[in-house]
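Ready for a few exercises? Have a look at the sequence and the structure first, then work through the tasks.

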Amino acid sequence: MQKTRNGLLLLLFFIAGGLAAQQNEIVIDTGKSLGQASPYIYGQFIEYMGQDIEGGIYDPESPLADSHGIRQDVLEKAKELAPSMIRFPGGTFVKTFHWMDGVGPKEQRRPSKNLIWGGINSFGFGTCEFIDYCRAIGCEPVLVVNLSTGTPDEAANWVEYCNGTENTYYANLRRSHGYEEPFHVKYWAMGNEEAAEPDAGRHQDPHKYVEDVWQFIKLMKLTDPSIQLIADGERGLPEWNKTVMKGLDGAVDYISFHGYVSTDSGRPLSIFHKIDQVERELREFHALMKSCSQDSVTNWKKWYRFPPRSKPLKMAVDEWGIWEYQEPPYGTTVTYEWRHALATAYYLNALLRCCSFVEMANWAQMVNILAPIRADKQTSIRQTVFYPLREYRKNTLPEVVSVRSISPEADKDLQALNAVATIDRKAGELVLFVVNVSPKAVKARISIDDKNAVSIHQVTTLTGERLDAANTLRQPDKDVVSIKTENPGRRLSDITIAPEAIQIIHASITK
Ligand code: AHR
């Protein structure tokens, strides 16, 4: 009897030991590439909505604006965020936008009621100002086309205005506005959330969308065959997505997905579960893409007179972010707390893991509306979510490799640690991004297949004062986010992540 009990104890001891050995480990496999990390996942989005563009980016009445009405303090923060691309001018708003309202001498532009989001737009910030803004930041512009109240030739004329090099009316119009050189706008989105019934949407039937959008595509591509197009995909509508991909295959280069997340009341960790759900949906969408669209296009009708896409169809998550419904009417002037910064990093990890098919992503939106930057007439601030957006953009290396992490549960089906690794094989560099969503510090062993991964040469830790701490316009000089950078110069063998923190670890690997 005694013998059996001892045996049982011994067995329990080994099981417990085994479990303990399994715990808190981050296993990096540099031999298993997940794909290239596209810089275009670090895009932003601006819309004529509330004080995002007018009253945020552009505000001639603010003492902080230059002589063109551009808020210099906001521009400086945007530069710091360094988006790789900016999408403009909507959003739902685009369904009522006519680009000619926003070009030419400002005094001749036509102020009009914003029928979607309310207020009046002067359109003092139109196509040319947007291009100037992108150039000041050094990023790629993405223009969204009005498919609802616009026409195919209006869209094609916009392409000619932006990209035309010949002696044609709209290219000359751009020249007459002071822009001799073309804008080379490469990315054009074919509508926005076209399946939505409210507002000015008119494409609830995907077959109708395909039929209509073809007319736009033909004229736009004949105007400039080099442009790349983003078809309108819809989250949670596989039938829509299937019809669109099959109907437009070859003519478009990307399909969109919009992924906002929020927190369930009384369940602060629910936001992380929702991001996990987004990641699952992205993968399901990708499976659908594989089944509906070939990697290369054959049998393209030469009579189209423009070439088909030359690479596999990719996904553009061209609106993502955190929408908490805090304030009426739409809850879009969200004050982001530190927990939202954790969620932002957690979401970026998911986007990086999906790098083989997600090639673009745009945080929605850049200023004042669901935004990393808030501004009133007198000042501007960085919200908590600004910091992970900036730090990921700065530190991501070109290739994503496989990471498996084992850590205690912070909630049912939610691990404390969420990690992703990027590498630069040529430079012999690895960057590991780890988010600890739990209220406890977590120590984890690092296992890496690369025997030469010897030294951690930089660790940056982002923490918030409290989980609900927020930067606000009321206290513009107070910053609740701390960023600590250390240079430990020690082996990449274990790390300790502070409670509710983001850690970015640089280490050397074999060149
Ligand atoms: O970003 C705010 C709105 O959210 C956009 O206009 C629309 O595309 C989405 O539903």
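Below are three exercises, each with a worked solution.

This is a predicted model, where local features need pLDDT of at least 70, side-chain atom pairs count only at pLDDT 80 or more, and totals for chains, interfaces and linings use all residues. Numbering starts from 1 along each chain as its sequence is written, and side-chain values use heavy atoms, with hydrogens and water left out.

**Exercise 1.** Find the residues around the ligand and the polar contacts to it.

*Solution.* Start with the shell: a residue counts as near if one of its heavy atoms lies within 4 Å of the ligand. That list includes Phe 45, Thr 92, Trp 117, Glu 193, Tyr 260 and Gln 365. Next, sort the shell: it divides into five nonpolar, four polar and three charged residues. Here Ala, Val, Leu, Ile, Met, Phe, Trp, Tyr, Cys and Pro count as nonpolar, Asp, Glu, Lys and Arg as charged, and the others, Gly among them, as polar.

Now look for polar contacts (pairs of N or O atoms within 3.5 Å). A backbone N or O atom of Thr 92 sits 2.9 Å from a ligand oxygen. The side chain of Glu 193 has an N or O atom 2.8 Å from an oxygen of the ligand, and for the side chain of Gln 365 the distance is 2.9 Å.

**Exercise 2.** How do helices α8 and α9 pack?

*Solution.* Helices here are DSSP runs of H or I, at least four residues, and strands are runs of E, at least two, numbered from the N terminus. Take α8 (residues 270-292) and α9 (residues 338-353): their axes, lines fitted to C-alpha atoms over the stretch in contact, are 10 Å apart at an angle of about 20°. So α8 is roughly parallel to α9, a label for angles under 35 degrees.

**Exercise 3.** Which residues are joined by cis peptide bonds?

*Solution.* Most peptide bonds are trans. One cis bond joins Phe 88 and Pro 89, with omega about 5°; Pro 89 is in the loop between β3 and β4. Another joins Ala 364 and Gln 365, with omega about 0°, and Gln 365 is in the loop between β11 and β12.

Definitions and conventions: A polar contact is a pair of N or O atoms within 3.5 Å; within protein, one must be able to donate a hydrogen and the other to accept it, and residues adjacent in sequence count only if both atoms are side-chain atoms. Axes are lines fitted to C-alpha atoms, for helices over the stretch in contact, and angles run from 0 to 180 degrees between N-to-C directions. Angles under 35 degrees count as roughly parallel, over 145 as roughly antiparallel, 65 to 115 as roughly perpendicular and the rest as oblique.
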